[in-house]
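Hi,

Here is the structure I said I would pass on. Have a look at it first, and my notes are underneath.

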Amino acid sequence: MSTFDLYTTKPADQDGQWTVPASGAARFNWEYDEGRERLLNLYQKGKDKQWDQVTRIDWSLEVDPYDPLGVPDEAMTLYGSPYWDRMSEANRADLRRHYASWQFSQFLHGEQGAMVCAARIVESVPDMDAKFYSATQTMDEARHVELYSRFLHEKIGLLYPINDNLQSLLGDTLRDSRWDMPYLGMQVLIEGLALAAFGMLRDTTSKPLPKQLLAYVMQDEARHVAFGRMALRDYYGQLSSAELAEREEFVIEGCYLMRDRLRGVEVLENFGIPKKDAEELSENSEYLQFFRRLLFSRIVPCVKDIGLWGPKLQQAYLDMGVFEMGDSNLDALMQQDEEIAEALDAERFAAEEAARVDEVEQAIAQGAEA
């Protein structure tokens, strides 16, 4: 079945393709034998940690498309409103399906954007060690597109087009001719926000399959953010105050776009709720207010770490109510992501080993009886 048969509304691009005019130079480097040790170590880890979604994820796990995540009803924007009270149980189940579809659709579109940006970094970054790592990230992002697409097609059966704000930030990132902007737009802003969103769902879902998807993707994304931090911290230490101010303006605008992206107004409009009411309900939802603040837990400390921390940017984070997140321990969060994925692997492989042992014991017992 074509993806276009599963979209709630058809994508705005008539032929199903979004073409972004690219600018900037493709850079070759004839020095092949030098590089930053920490970045080359990250590249080695990227090679070592490659995996296949076909074998690592247990796709035999059943998913109820009308309750794919198992999160509490309190997480629904409409919960407690007159609209919620008037809904039948069937309507509420359909709302759960649409919200999960909307969330994972944005994850899917964002991962395609990450794949394209990683390929742009390979093309435009001047250093060979960064080209090496970006090549492994491009493969990682392709895998993420593959698994989120499979989850939406096979388990939920419904997709949403890309959100306007996400598309706007992706376009701004790709159209900029400066080689560091795909790092800043994708590795820091979009990937940082995605990590926080993935983490919140990973830690709240009661369903094993989405937990696997999110945990394994986060294991990769933690390396990607680390890559962006290493490369940009080195580069931004060489820039003038005017050049840093330009990057900070981009970050401020991007953060507002990303904050406003996560409302899911499109979902409520599909249920016949007027846009004005949908925006007001989304803005006042306690769950979404908490969610939007948490989303910056990965971005703010990363931005501070790479050297973008001027007064204007700090004021923007104060206005958003996320300034104090600049002191978060990003390395500890990344280590936790790694440990959760490894624990899931150990749990799954232990269960498979126990099943094999049981199968062998049963065969021996049956042979003895015979």
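Below is what turned up, going from pockets and cavities to salt bridges and the core. One thing to keep in mind throughout is that this is a predicted model.

**Pockets**

Start with the largest pocket, which has a volume of about 1,200 Å³. It is lined by 44 residues, and if you want to find its centre, look for His109, Pro161, Ile162, Asn163 and Gln167, the closest ones. Six helices give two or more residues each to that lining: helix 4 (89–124), helix 5 (128–156), helix 6 (164–175), helix 9 (241–261), helix 10 (265–270) and helix 11 (275–284). Helix 4 gives the most, with six residues. As for chemistry, the lining of this pocket splits into 17 nonpolar, 16 polar and 11 charged residues.

The second largest pocket holds about 240 Å³ of space. Thirteen residues line it, with Lys45, Ala222, Ala226, Asp331 and Met334 nearest its centre. Two or more lining residues come from each of helix 1 (37–48), helix 8 (208–236) and helix 15 (330–369). Helix 8 has the largest share here, seven residues. By class, the lining of the second largest pocket has five nonpolar, two polar and six charged residues.

**Cavities**

There are three cavities of 30 Å³ or more in the whole structure. The largest cavity has a volume of about 290 Å³, and among its 25 lining residues Ala75, Met76, Tyr99, Gln103 and Tyr287 are the closest to the centre. Helix 4 turns up again, giving the most to this lining with seven residues; helix 12 also supplies at least two. The lining of the largest cavity is made up of 15 nonpolar, five polar and five charged residues.

Next comes the second largest cavity, at about 80 Å³. Its lining has 12 residues, and Phe107, Gly110, Glu111, Ile190 and Ala194 lie nearest the centre. Helix 4 and helix 7 (181–204) each give two or more residues to the lining of this cavity, with the largest share, five residues, coming from helix 4. Sorted by class, the lining of the second largest cavity has six nonpolar, two polar and four charged residues.

**Salt bridges**

A search of the whole structure gives 28 salt bridges. Three pairs are worth pulling up on screen.

Take Glu338 and Lys49, whose closest N and O atoms are 2.9 Å apart. Glu338 sits in helix 15 and Lys49 in the loop between helix 1 and helix 2 (53–56), so this salt bridge ties together parts that are 289 residues apart in sequence. Are the two partners buried or exposed? Glu338 has 9% relative accessibility, so it counts as buried, while Lys49, at 25%, counts as partly exposed.

Asp140 and Arg143 make a salt bridge too, at 2.7 Å from N to O. Here both residues belong to helix 5 and are three residues apart, about one turn of the helix. Asp140 is buried, with 0% relative accessibility, and Arg143 is buried as well, at 2%.

The third pair is Arg298 and Asp337, with closest N and O atoms 2.8 Å apart. It links distant parts of the chain: Arg298 is in the loop between helix 12 (286–294) and helix 13 (299–305), and Asp337 is in helix 15, 39 residues away. Both Arg298 and Asp337 are buried. Elsewhere on your list to check, salt bridges with shared partners join Arg36, Arg38, Asp127, Asp129 and Asp234 into one network.

**The core**

Which residues have the most contacts inside the largest nonpolar core? They are Leu184 and Tyr317, in a core of 109 residues. Helix 8 gives the largest share of this core, 16 residues. Setting aside neighbours within four places in sequence, Leu184 is in contact with Leu189, Leu232, Tyr236, Arg247, Phe250, Val251, Ile306 and Leu308. As a general point, nonpolar side chains tend to be buried together in soluble globular proteins.

**One exposed residue**

For contrast, try Asp327, in the loop between helix 14 (311–320) and helix 15. Its relative accessible area is 63%, so Asp327 is exposed. From Asp327 to Asp129 is 198 residues in sequence and 29 Å in space, C-alpha to C-alpha.

Cheers

Note on methods
Residues numbered from 1 in each chain as written. Predicted model: local features only at pLDDT ≥ 70, side-chain atom pairs only at ≥ 80, totals over all residues. Heavy atoms only, no water. 1 Å grid on protein atoms, 1.4 Å probe; cavity = no way out; pocket = protein on both sides within 12 Å on 5 of 7 lines; lining within 4 Å. Points joined across faces, edges and corners; volume = space filled by probe spheres on them. Helix = DSSP H or I, 4+ residues; strand = E, 2+ residues; numbered from the N terminus. Nonpolar A, V, L, I, M, F, W, Y, C, P; charged D, E, K, R; others polar. Salt bridge = Lys/Arg side-chain N within 4 Å of Asp/Glu carboxyl O. Buried < 20%, exposed > 50% of the residue type's maximum accessible area, 1.4 Å probe, protein only. Core = buried A, V, L, I, M, F, W, Y, C linked by side-chain atoms within 4.5 Å. Contact = heavy atoms within 4.5 Å.
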